Amino acid sequence: MRNQYIAAATLGAALTGCTSVDELGKPPSFSPPMETVEHSAMINPGLPLRVEQERVVDRASLWSGTRNSLLGDRRALQRGDILTVVIEIDEKAEISNATDRSRSGAEDFGVPEFLGLPQRLDNRLPGANPEALINLNTSSTSSGDGSVKRNEKLTLRVAATVIDVLPNGVLSISGSQELRVNFELRELLVTGYVRPADISRQNEITYDKIASARVSYGGRGQITDVQQPRYGQQILDVILPF
């Protein structure tokens, strides 16, 4: 019975140390596309912004103003529409700061004549000098030097879906993209708010025109799992003061 308890404890510890039990011996699974907010917005587009009425004779015209025509505006405007988010980040930041501070001071205090106290001091403490009872010298020096240097570059394109249209006409977008190579899954998530006027004629928008933009580029799999410390080590890093 004792050996069974030990085996069960060992198996539980081994399974706890793993990132996910369902990924043992197989690549990580994709997220279910049918359970995303993008899919919900596509199957429930909501009410149209305007009712388009066209005559039967205008359906074959190239100059029709509808979105399905050749010259129609096909930019994302309503819930369920899709647009392309272009993420091109090439930023550099370099900050350098140096501080140097120095201070020194000297104080002398003596009592050559004060109600006969210096003479009494000579009798009690031979060799004492009342003219230099206290002599203080202070000196302090401090210096600091700090620098920050960052270089980030990221180029990505992802299709996002309009999941909501706010009362002021601003579009709330959300997009996700997953790419699996062997046993490693790369995930790209984009959310934010955009103005319809900022969407180009190619139905694209750059990341710098997305308000409250949240861009996440990461992954999960065997390589990512190796780069992360074990749960026990993370707990010890929080508990141990050294």
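# Exercises on a predicted model

A nonpolar surface patch of about 270 Å² is formed by Met42, Ile43 and Ile82. The coordinates belong to a predicted model, and the exercises below start from this patch.

## Exercise 1. From the patch to Thr161

Determine where Ile82 lies and whether Ile82 is buried, partly exposed or exposed; then establish which residues Thr161 touches.

*Solution.*

1. Ile82 belongs to strand β1, which covers residues 82-109.
2. The relative accessible area of Ile82 is 43%. Partly exposed covers the range between 20% and 50%, so Ile82 is classed as partly exposed.
3. Thr161 is placed in strand β2, residues 134-165. Its relative accessible area is 4%, and Thr161 is therefore buried.
4. With residues up to four places away in sequence not counted, Thr161 touches Glu38, Ala41, Met42, Gly80, Asp81, Ile82, Ser172, Ile173 and Ser174. Met42 and Ile82 are among these partners, and both also help to make the nonpolar patch.

## Exercise 2. The pairing of β3, β4 and β6

Describe how strand β4 pairs with β3 and with β6, and name a bridge partner for Thr191.

*Solution.*

1. Strand β3 spans residues 171-181 and runs antiparallel to β4, with 11 bridges joining the two. Within this pairing, Gln177 stands opposite Leu188 of β4.
2. The two strands form a hairpin with 2 residues between them.
3. β4 also pairs with β6, residues 211-221, in the antiparallel sense, here over 9 bridges. Thr191 has Arg214 in β6 as its bridge partner.

## Exercise 3. Positive phi angles

Find the phi values of Asn182 and Ser212, and state where each residue is placed.

*Solution.*

1. Most residues other than glycine have a negative phi.
2. Asn182 has a phi near 55°, a positive value in a residue other than glycine. Asn182 is located in the loop between β3 and β4, in the turn of the hairpin that these strands form.
3. The relative accessibility of Asn182 is 64%. Exposed means over 50%, so Asn182 counts as exposed.
4. Ser212 has a phi near 50°, likewise positive in a residue other than glycine. Ser212 lies in strand β6 and, with a relative accessible area of 44%, is partly exposed.

## Exercise 4. Two residues of the β4-β5 loop

Decide whether Asp198 and Ile199 are buried or exposed, and list the contacts of Asp198 and Ile199.

*Solution.*

1. Asp198 is found in the loop between β4 (184-194) and β5 (204-206), and Ile199 is found in the loop between β4 and β5 as well.
2. The relative accessible area of Asp198 is 18%. Buried means under 20%, so Asp198 is buried.
3. The side chain of Asp198 makes a polar contact of 2.9 Å with the side chain of Arg195. Leaving aside neighbours within four places in sequence, Asp198 is in contact with Glu204, Ile205 and Lys209.
4. Ile199 has a relative accessible area of 2% and is therefore buried.
5. With residues up to four places away in sequence not counted, Ile199 touches Arg75, Ala76, Leu83, Leu171 and Glu204. Glu204 thus appears in the contact lists of both Asp198 and Ile199.
6. Ile199 and Thr84 are 115 residues apart in sequence, and their C-alpha atoms are 9.2 Å apart in space.

Notes: Residues numbered from 1 in each chain as written. Predicted model: local features only at pLDDT ≥ 70, side-chain atom pairs only at ≥ 80, totals over all residues. Heavy atoms only, no water. Helix = DSSP H or I, 4+ residues; strand = E, 2+ residues; numbered from the N terminus. Buried < 20%, exposed > 50% of the residue type's maximum accessible area, 1.4 Å probe, protein only. Polar contact = N/O pair within 3.5 Å; in protein donor to acceptor, adjacent residues only side chain to side chain. Contact = heavy atoms within 4.5 Å. Pairing = 2+ DSSP bridges. Patch = residues over 30% accessible without salt bridge, like charges linked within 9 Å, V, L, I, M, F, W, Y side chains within 5 Å. Areas by Shrake-Rupley, 256 points an atom, 1.4 Å probe, with all protein chains shown as cover. Salt bridge = Lys/Arg side-chain N within 4 Å of Asp/Glu carboxyl O.
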